[in-house]
Amino acid sequence: MNGDEQAIRALIATWIRAAEAGDAERVLGLLADDVVFLTPGAPPMRKPAFAAAQHALQEVQLRITSAIQEIRILGEWAYCWNRLTVVMTPRVGGSPVTRAGDSLSILQKKSDSWLLVRDANLVTAASPVQ
């Protein structure tokens, strides 16, 4: 594993730790200014809307698991296919909600660090176990 792949894996680990800790500012620091998120059934989300959504997540405790399926590095660009499970438990009580699925992220290396520039997120409500 080369240094760039290690740096991308570290970015993902940092994102997860920051999201679980409710550190929205740390998560936002991992994004390019022109980042775009694509999610099913919703219009593209840019950084200001994503920031608002991150702050709204303060109402839940997150538990995130990540299984990186593939990382490819092409010069100063890279993509990462990641399988995610996110469990959101309301802080005021209530049943947890589990979402799971795949995410395909495009990253760009800027000033020796990687930033997320595009993300196609297919994480949806997980089916209950029968």
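# Strands, hairpins and three residues

Threonine 98 in S5 is the bridge partner of valine 87. Two strands count as paired if DSSP finds at least two bridges between them. The structure is a predicted model, in which local features need pLDDT of at least 70 and side-chain atom pairs count only at pLDDT 80 or more, while totals for chains, interfaces and linings use all residues. Residues are numbered from 1 along each chain as its sequence is written, and side-chain values use heavy atoms, with hydrogens and water left out.

**The chain as a whole**

The chain has three helices and seven strands. Both kinds of element are DSSP runs, numbered from the N terminus: helices (H or I) have at least four residues, strands (E) at least two. Read from the N terminus, the order is α-α-β-β-α-β-β-β-β-β.

How does the radius of gyration agree with that of a compact globule? A compact globule of 130 residues would have a radius of gyration near 14 Å, and the chain has 15 Å, which agrees. This radius is taken over C-alpha atoms, and the globule rule is 2.2 Å times the number of residues to the power 0.38. Along the principal axes, the C-alpha atoms fill a box of roughly 45 × 35 × 25 Å.

The accessible surface comes to about 7,600 Å². Carbon and sulfur atoms hold 56% of that surface. The areas come from the Shrake-Rupley method with a 1.4 Å probe; for residues, only the protein chains shown count as cover. Of the 130 residues, 34% count as buried. Buried means under 20% relative accessible area, exposed means over 50%, and partly exposed lies in between (1.4 Å probe, protein chains only).

Contact means heavy atoms within 4.5 Å. Take the contacts between residues at least 6 apart in sequence: 50% of them join residues at least 24 apart.

**Two hairpins**

Strand S3 (residues 60-74) and strand S4 (residues 77-90) run antiparallel, joined by 14 bridges. Valine 60 stands opposite proline 90 in S4. S3 and S4 form a hairpin with two residues between them. Glycine 75, in that turn, has a positive phi of about 70°.

S4 also pairs with strand S5 (residues 97-110). These two strands run antiparallel as well, with twelve bridges. They form a hairpin with six residues between them. In this turn, glycine 93 has a positive phi of about 100°.

**Three residues**

The table gives the place and the relative accessibility of three residues.

| Residue | Element | Relative accessibility |
|---|---|---|
| Threonine 14 | helix H1 (residues 3-21) | 15%, buried |
| Glutamine 108 | strand S5 | 13%, buried |
| Threonine 124 | strand S7 (residues 124-125) | 36%, partly exposed |

Which residues do they touch? The contacts below leave aside neighbours within four places in sequence.

Threonine 14 is in contact with Arg26 and Leu30, leaving aside those neighbours. Threonine 14 counts as buried because its relative accessibility is 15%.

Glutamine 108 is in contact with Glu76, Trp77, Ser113, Trp114, Leu115 and Val117, again without those neighbours.

For threonine 124, the contacts beyond such neighbours are Pro40, Thr98, Arg99 and Ala100. Threonine 124 and threonine 85 are 39 residues apart in sequence. Their C-alpha atoms are 9.4 Å apart in space. Threonine 124 counts as partly exposed because its relative accessibility is 36%.
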